[in-house]
Amino acid sequence: MATEPQDKRSGGWSRRRFLTAGAVAGAGAVAAVAADHVLQGSLRSGKEAATTATQLSGDNSRLTFGRQTVSFDGPVQAGVTIQPQAHTRLMAFDLVESVDRGAIRRLMRLLTDDARSLMRGVAPLGDSEPELATVPAHLTVTVGVGARLIRVAAGESFVPGWLRPLPTFGIDRLRDEWSGGDLVVEVASDDLVAMSHAARLVTKSIRSLAVVRWMQDGFRHAYGTHPEGTSMRNLFGQIDGTVNPVPGTDDFAEVVISRDGWLAGGTSLVVRRIQMDLDTWDDIDRVGREAAVGRRLATGAPLTGTTEHDEPDFDAADSLGFTVIPDFSHMRRARSENRRERIFRRSANYEVMDQHGRPESGQIFMSYQADPVTQFVPIQRRLDELDMLNEWTTPIGSAVFAILPGCGPEGMLGETLF
Amino acid sequence: MSNFRMTRFAVTMTAGLLTVSLMTACSSNNATTVEKPQTDSTTTTQADSVNAQDVWAKAAPEGDMSAMFGRLTNDGDQTVTIVSVSSDEATEMQLHETVMGDDGSMKMQEKGGGFTIEPGATLTLEPGGNHLMYMELTAPLQAGADSTVTLTFSDNSTLDLSGAIREYSGAHEEYVPDHAMDHGDGHDDHEHDHDSDGHTHDH
């Protein structure tokens, strides 16, 4: 918790902020120190101040990222490739019965106008809370579609063969309320207020054409808490998403981005809502936890390595002849010899309270790949057959969408459908 | 001159609140903007002098009322006056202003003498303020489509305004005319239906 000093503006932001760490030595649990107090010397000694507050001085604009924006325009929607933001809301919609091709075009125009404005930090037309749009904090609005929408807009021949529900897996306990949908909009930001406003605006904007089917909120580490590019930790404490194609590389384009016809520049999104049983996970000691995944908890390094991105040695054996990385481990089972069987993960944690305040924790697993049937499904089949983590995880929702290609400054999302 | 009362606001809000526009910022610029080439002032019509920004209209079903909003800037050196507005999408359109009545309630009424814009000035049309009123839609205004209206100026020049149709729940256009009973109670019902199941109104 940090306390904001008095706001002093002189030609832009001149607000000073302090990041505080720990408690004031000998003064009880004062975890947050107002900057003014530091400046006024209200702390007893410089030494105390040094141990309680780290001042990020100088150009304060570096500390304020609220007005930083992500460009909407581009061949690939920005929400696919940007460093994952702290907050994400996935919203799936069902089209109303009466929609026709013309209505889909109107839907796409509304989504495009809203996404373009919101990502620029500009209130869309008719926004009744326009001030909430001005601090986007890396907001992205990303649009994907289901088979029905494509069929109505452009006909059956435009529906990719892979755009259908995933095959049933033995571990699945899917609920309809977390599955399927004709349209998905992901609104993500490093500021929760910006995300909330954008989500509501989009939902309101398209309410005559699409009704909400489900919404899922996910979270990751706050912006600035870790160096850019750091893999997130899930609620089991594991570093998650280590093996991932890197946006901007040829490998990423090959694994993730579609080249097929109208969808060129688009991709597929697999959403899986996966419950994680933290209570039974508590029963497992660190050795067991690390064996379940095949990686060290502290570093994310494979059990045969020392740093997170070391290549695992699946043949390495211990003195008893057992493989160091167990055959049942999540990492071993997810890995394929077939280079095509790779995906781009962009997952988020979730935690929701029931009416009695009891939390349910889990992960909104999100993976992007050019073709989920040939890339995601083989991996999931292996994990379904054997993966130690299945002991503590239960998929309760599942959906597949075609993420639309991006578009240029004058373009409209979905324009290649028309 | 027709005089309309905005019934829902009148019963739920105080006059003091209503003196402040409910929407003070129309800050997007993704509306269709009408650009007019500037010509010699001796041949420049009033319509030529006016540029529009952030034009949008409120989605509404056929038969209902609606309104168009936006910002109109007079970039010429002569005062311009908008004297009327029309559209193929409504049986009638009116230039409306919002004023406080004797009883403290806000009333929509036709702007006598039209909207005058001084050189360099901008006329803001917004929910709760001045607006272009569709009296009875001959077709639904569907979110995501465009609506076009035609402004006529005092020199008989005309300007087409086109903007996106957007969902908007404020600025209820269920005005009950004080002395035009053909837009009576039936309208309340219609509007209510739209509010409760608006998503099914896709024609």
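**Figure 1. Chain B at a glance.** Of the 203 residues in chain B, 39% are buried. Please keep in mind that this is a predicted model. Four helices and twelve strands make up the secondary structure of chain B. Among the contacts in chain B with a separation of 6 or more, 72% link residues 24 or more positions apart.

**Figure 2. The largest nonpolar core and its best-connected residues.** This view takes us to the largest nonpolar core, which has 125 residues. Leu111(A) and Ala198(A) have the most contacts inside this core. Helix H4 of chain A, covering residues 101–120, gives the most to the core, with nine residues. In soluble globular proteins, nonpolar side chains tend to be buried together. For a closer look at Ala198(A), find its contacts Leu118(A), Leu139(A), Val141(A), Val187(A) and Ser189(A); residues up to four places away in sequence are not counted here.

**Figure 3. Helix H4(A) packs against helix H6(A).** H6(A) spans residues 192–205, and its axis lies 10 Å from that of H4(A). The two helices pack at an angle of about 160°. Because angles over 145 degrees count as roughly antiparallel, H4(A) is described as roughly antiparallel to H6(A). The crossing of H4(A) and H6(A) is right-handed. On the H4(A) side, look for Leu110(A), Leu111(A), Asp114(A) and Leu118(A). These meet Ala198(A), Leu201(A), Val202(A) and Ser205(A) of H6(A).

**Figure 4. Leu413(A) and its surroundings.** Leu413(A) sits in the segment that follows strand E13 (393–403) of chain A. Is Leu413(A) buried or exposed? Leu413(A) is buried, because 28 other C-beta atoms lie within 10 Å and 20 or more are enough to count as buried. Its contacts, apart from neighbours within four places in sequence, are Met108(A), Leu111(A), Thr112(A), Val143(A), Leu404(A) and Cys407(A). Do look for Thr142(A) as well: 271 residues separate Thr142(A) and Leu413(A) along the chain, while their C-alpha atoms are 9.6 Å apart.

**Figure 5. The hairpin of strands E11(A) and E12(A).** Strand E11 (residues 348–353) and strand E12 (residues 359–369) of chain A run antiparallel and are joined by six bridges. To trace one pairing, start at Ala348(A), whose bridge partner in E12(A) is Ile364(A). Five residues lie between the two strands of this hairpin. Which residue in the hairpin takes a positive phi? That residue is Gly357(A), with a phi near 85°.

Notes
Residues numbered from 1 in each chain as written. Chains lettered and ligands numbered in written order. Predicted model: local features only at pLDDT ≥ 70, side-chain atom pairs only at ≥ 80, totals over all residues. Buried ≥ 20, exposed ≤ 12 C-beta atoms within 10 Å, placed from the backbone. Contact = placed C-beta atoms within 7 Å. Core = buried A, V, L, I, M, F, W, Y, C linked by C-beta atoms within 7 Å. Pairing = 2+ DSSP bridges. Axes fitted to C-alpha atoms, helices over the stretch in contact; angles between N-to-C directions. Parallel < 35°, antiparallel > 145°, perpendicular 65-115°, else oblique. Left-handed = near helix turned anticlockwise from the far one by under 90°.
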